[in-house]
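Work through the exercises below with the model open. Each task is followed by a stepwise solution.

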Amino acid sequence: YYTVSFDGEGEAAVAARIDLTNIAKTNLTNVVLEIPGKSLRVINAVQGFTGGYPYLTPMETPGVRSNYPDYNYGYYSLEPEQVSTPSGFLVTLRLANSLSQQETTTLLLYYKVSGYTKNFLGLRSFAFQTIKTDYDVATVRVAVNAQEPFKIKGTRASTNYLPNVSSLEAGKTYSGVADSNLSQFSSIVTTQPGFVKTTQSLDPGENFVVKGSYAESVLLLYLTDIVKWLLLIGAGVILF
């Protein structure tokens with residue numbers, strides 16, 4: 001799940017939630033994500049557990065399972081390792097607890113990336129690209145928004161905002177404790193309104209590209225459509 005907010009400079013602020021299941025027979029200890037773009041700043045990355053991974057007490061350490069009930073829920077801060085590539089960036093996340101076969105976890109990322117927009121006389125076109133992974137992806141949902149005063153074509157020219165990302169601000173760390181704000185943020189990302197597109201069944205190495213446009217003026221946003229209709233009307237009059 002992605003919630004994207006573009007600004008006037010063309011930078012995208014992205015909140016991403018990845019629900020991951022280890023289908024391999026070996027334990028999964030790290031995840032490599034390929035993020036396309038010209039520049040990338042990963043502000044925060046967090047791993048959450050939905051069951052079987054109790055949050056830590058002060059005497060426990062990551063990677064060591066406790067005997068507390070499975071219904072406990074905790075979040076763990078991750079330290080991304082970033083390497084640039086010709087087409088973007090490789091981000092390695094070392095999991096706080098490895099996943100055995102069929103175990104699941106949720107990854108929450110907040111990052112800012114550029115290279116998805118083009119500006120022509122104030123009309124900004126975008127082609128947002130989702131993360132590439134080495135895994136099969138069942139479903140992808142992308143909700144694109146724009147910061148004030150910009151409006152996105154296809155959403156009744158309204159401006160929406162990124163969900164409250166204060167829980168994923170830079171420098172904020174988690175060591176296994178539950179956090180209601182982070183849980184709420186994780187839930188909102190899956191249903192955020194805006195210019196929404198979805199797809200299914202991506203193979204490893206594939207990603208989803210969402211295209212659209214945004215501008216400050218509604219007239220500029222729909223100028224190409226207006227010109228097309230005027231040309232059609234003019235052609236019709238001439239033919240008549």
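**Overview**

The chain holds three helices and 14 strands, taken as DSSP runs (H or I of at least four residues; E of at least two) numbered from the N terminus. The model is predicted, with local features needing pLDDT of at least 70 and side-chain atom pairs pLDDT 80 or more, while totals for chains, interfaces and linings use all residues. Residues are numbered from 1 along each chain as its sequence is written, and side-chain values use heavy atoms, without hydrogens and water.

**Exercise 1**

Find which residues of helix H1 are buried (under 20% relative accessible area, 1.4 Å probe, protein chains only), and state what they pack against.

*Solution.*
1. H1 spans residues 180-189, and its buried residues are Leu-182, Phe-185, Ser-186 and Val-189.
2. They lie on the same side of H1, because their arc around the axis is only 100 degrees, taken from the directions from the helix axis to the C-beta atoms.
3. An α-helix has 3.6 residues a turn, so residues three or four places apart point the same way.
4. By contacts (heavy atoms within 4.5 Å), the buried residues of H1 pack against several strands, including S1 (2-6), S2 (12-21) and S11 (137-146).

**Exercise 2**

Give the strand order of the open four-stranded sheet and identify its edges.

*Solution.*
1. The order is S9-S10-S14-S12, with antiparallel pairing; strands pair if DSSP finds at least two bridges between them.
2. S9 (117-120) and S12 (151-152) are the edges: each has a single partner strand, so one side of each lacks a neighbour in the sheet.
3. S9 and S10 (residues 123-129) are joined by four bridges.
4. Asn-119 has Arg-124 in S10 as its bridge partner.

Key: Buried means under 20% relative accessible area, exposed over 50%, partly exposed in between (1.4 Å probe, protein chains only).
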